[in-house]
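Let's go through the labels on this one and ask what stands behind each of them.

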Amino acid sequence: MSAATSISRRRALGLAGLGAAAVAAGATGWLGGFSGAGTGRLRLPAGEPLQDPAVAPSRSGRLAVELTAAPGARLGGQDTAALGYNGSTPGPTLRVRPGDELAVRLTNRLDQPTNLHTHGLRVSPQANSDNPFVRVDPGTSFDYLYRIPPDHPAGTFWYHPHHHGVVADQVFAGLAGVLLVDPHPGPGAPEPAVSTDRVLLITDTTLDSGGQIVDPTAMDRAMGRQGEMVLVNGQYQPTIPATPGATQRWRVINGCVSRALAIGLQDHQLGLIAYDGTFLPAPATRDRVVLAPGNRADVVVRPGAAGPYALRTDPVERGGMGGMMGGGTATSGPTTLATMIAAGTPVTAPPLPAALPAETPAAGGASAQRQITFQMGMGGMAAASGMSFTVDGRTFDPQRDDQTVELGAIEDWLVTNPSPLAHPFHLHVWPFTVLATSDGTPPLGVPQDVVLVPAQGWARIRIPFTTHPGRSVYHCHILDHEDAGMMATINVRA
Ligand code: C2O
Ligand code: CU
């Protein structure tokens, strides 16, 4: 079922509830003339040209930026109750270079605590750097300072809030933005030359006809909520202009709370050049690229001929509830994300380079092994769904050290998942190489920071703890599960 049919089915089913929705729309006065008003759900216009979020680039080694988190972001040209940074969702794209200093003043104009996580950045987790334990209360500001290491890979990262308990709500409501590390100009294997470089931050949400974010049910939280509208840079099914023969680089980020993506471009193959912010050794031609929540893929696209081509996501089965909560299946359904419109006089672009500036993997074998287990059970007290979501049988406790690692160690972790749902494993600060997964997906061979652990399966990963000391977290990147307690702490000691 596509998002469109899902929305129209919801509209049909929602007719009984029309009165309440119409009252809500009338009461707020928002969106009065909007096409979706009174239907129970907000429908954003499709087919508008894709907009790039505002860009904040560093200058002379420094980027100082203010991010104000507040309700009232515009979507589809309308004021809504969606949350934004500086009034927009997504927030501005932050562009830095290796060796830069990134100073972010985060101001909280929400009615609940928030904070900021620079997802994928290899920066210190301590003090006012990428510290997930920081709490920024309503009405206050916090000054983050991130020092990007000089040897940081150039690539695609993102930022989002990380205050335990409200992460899913805040991301679902619109708080997310792109963070790019650009290479220093100079020698080394070149980045592929492209005519256009775009970010495609994919998020999903559900808004009622009054422009309010729709609350998830207990079942939604248990399976991981999926929004009825899948957005690209905050737009519904936008168009992407292209020229036949000219190459574009698309930095696709899965910023959805729970939805997995399997992206493909009609009549085209994708040239996968980077994943989770690190280059592959060489471009890989793919029909489809899978992105769990949090993953990023940089793909190169070259339209063969004029025409419209749908950028789609195919269904991804995330498993189900087994015998819990009366069963249920969690599928990330197929939908059209955007349409590439190729037009104009064809051009000839240089071929992609045969080699990309990939990172050399950490040398040496693992000095320690650990096993981590994601579990779901009935009767949890902490979770709003009435279920328990744990790591190694425990719900998140920010005071407890769950793993203690010596700085410099290279470790092999076996992440097991006896539950009937797939869980995306994410570790902050220290990216890992996937060695194998139980479903036989061929590993990429380059560092990544989220790996989907199959239902009733496992993932084996190698983690070099060779960079920053400090305390941070690992968790399920289904943000409803993280909020319910499927998160644990790690202390890397110098
Ligand atoms: Cu993108 Cu701890 O998260
Ligand atoms: Cu999970």
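**Pockets, copper and backbone oddities**

Q: What makes a residue part of the lining of the second largest pocket, and which residues lie nearest its centre?
A: The second largest pocket has 27 lining residues, with Y275, V290, T441, P442 and L452 nearest its centre. On a 1 Å grid over the protein atoms alone, a pocket is an open set of points with protein on both sides within 12 Å along at least five of seven lines; a cavity is a set where a 1.4 Å probe fits but cannot get out, and lining residues have an atom within 4 Å of a point. This is a predicted model, where local features need pLDDT of at least 70 and side-chain atom pairs pLDDT 80 or more, while totals for chains, interfaces and linings use all residues. Residues are numbered from 1 along each chain as its sequence is written, chains are lettered from A and ligands numbered from 1 in the order written, and side-chain values use heavy atoms, leaving out hydrogens and water.

Q: How much space lies in that second largest pocket, and what does the number stand for?
A: About 560 Å³. A volume here is the space filled by probe spheres set on the grid points, which are joined across faces, edges and corners.

Q: Which strands build the lining of the second largest pocket, and what makes them strands?
A: β18 (270–275), β20 (289–291), β23 (316–320), β31 (433–437) and β32 (450–453) supply at least two residues each. The largest share comes from β23, with four residues. Strands are DSSP runs of E with at least two residues, helices are runs of H or I with at least four, and both are numbered from the N terminus.

Q: How do the residues lining the second largest pocket split by class and by domain?
A: By class there are 17 nonpolar, five polar and five charged residues. Ala, Val, Leu, Ile, Met, Phe, Trp, Tyr, Cys and Pro count as nonpolar, Asp, Glu, Lys and Arg as charged, and the others, Gly among them, as polar. Domain 2 (196–342) and domain 3 (368–493) each give at least three residues to this lining; the domain bounds come from an automatic or database assignment.

Q: How many cavities of 30 Å³ or more are there, and which residues line the largest?
A: Six cavities reach that mark, and the largest has a volume of about 60 Å³. Its lining includes L75, A82, T89, F172, D204 and L231. α3 (167–172) and β12 (196–205) each supply at least two residues, with β12 giving the most, three. By class, the lining has six nonpolar, five polar and one charged residues.

Q: Why is the largest cavity placed between two domains?
A: Because domain 1 (3–181) and domain 2 (196–342) both give residues to its lining, the largest cavity lies between them.

Q: What makes H423, C476 and H481 donors of the copper ion (ligand 2)?
A: Donors are N, O and S atoms within 2.8 Å of the metal (3.2 Å for Na, K and Ca). H423 (ND1), C476 (SG) and H481 (ND1) sit at 2.0 to 2.1 Å from the copper ion (ligand 2), so they meet that cut-off. Water is not among the atoms, so a site may look incomplete. Along the sequence the spacing of the donors is H-x52-C-x4-H.

Q: How many disulfides are there, and where does that leave C256?
A: The search of the whole structure finds zero. C256 is in none: the nearest cysteine sulfur, in C476, is 14 Å away, whereas a disulfide needs a pair of cysteine sulfur atoms within 2.5 Å.

Q: Why is C256 called buried, and M325 partly exposed?
A: Buried means under 20% relative accessible area, exposed over 50%, and partly exposed in between, with a 1.4 Å probe and protein chains only. C256 has 1%, so it is buried. C476 counts as buried too, because its value is 0%. M325 has 26%, so it is partly exposed.

Q: What makes the backbone at Q237, M325 and T89 stand out?
A: Most residues other than glycine have a negative phi, and most peptide bonds are trans. Q237 is not a glycine, yet its phi is positive, about 45°; M325 is another non-glycine with a positive phi, near 50°. Q237 lies in the loop between β14 (235–236) and β15 (239–242), and M325 in the loop between β23 and β24 (329–332). T89 and P90 are joined by a cis peptide bond, with omega about -5°.
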